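Colleague: I should like to go through the assignments in this model and hear the grounds for each.

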Amino acid sequence: MLYPIGTQFKTRHKHPRLCTVIDIHTTYDSTGNKVKIRYVSTHDCLGQQVVDYDVVQTTIDMGLMK
């Protein structure tokens, strides 16, 4: 299951951050098989927007905002 862009989730830190999925990166090998899927997310930190380029699906599963 792919999460759509705009999905919000909270991280599992001492101080959880509200993150939003802004892009999906899919990697294929030379034979055309899908190798991995990573999400790109953003969150605010001290008034600046921070981008994380390596978010796995499990992170979103555990912190999904319903």
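The exchange below takes up the sheet and then the core.

Modeller: Please bear in mind that this is a predicted model.

Colleague: What makes β1 and β2 a pair?

Modeller: Two strands count as paired if at least two bridges join them. Strand β1 (residues 8-10) and strand β2 (residues 18-28) share 3 bridges in the antiparallel sense, so the criterion of at least two is met. One position to inspect is Q8, whose bridge partner in β2 is T20.

Colleague: How do you know that β2 and β3 pair?

Modeller: Here 8 antiparallel bridges link β2 to strand β3 (residues 34-45), against a requirement of at least two. V21, for instance, has S41 in β3 as its bridge partner. The two strands form a hairpin with 5 residues between them, and G32 in the turn has a positive phi of about 95°.

Colleague: Why are β1 and β4 said to stand at the edges?

Modeller: The open sheet has 4 strands in the order β1-β2-β3-β4, with antiparallel pairing. β1 and β4 (48-55) each have a single partner strand, so one side of each lacks a neighbour in the sheet. Neighbouring strands are turned by 40° against each other on average, direction ignored.

Colleague: What makes up the largest nonpolar core?

Modeller: That core holds 7 residues: Y3, F9, C19, V21, Y39, V55 and I60. Membership requires buried residues of nonpolar type joined through side-chain atoms within 4.5 Å.

Colleague: Which residues does V55 touch?

Modeller: Leaving aside residues up to four places away in sequence, V55 touches F9, R38, Y39, S41 and I60.

Technical notes:
Residues numbered from 1 in each chain as written. Predicted model: local features only at pLDDT ≥ 70, side-chain atom pairs only at ≥ 80, totals over all residues. Heavy atoms only, no water. Buried < 20%, exposed > 50% of the residue type's maximum accessible area, 1.4 Å probe, protein only. Contact = heavy atoms within 4.5 Å. Axes fitted to C-alpha atoms, helices over the stretch in contact; angles between N-to-C directions.
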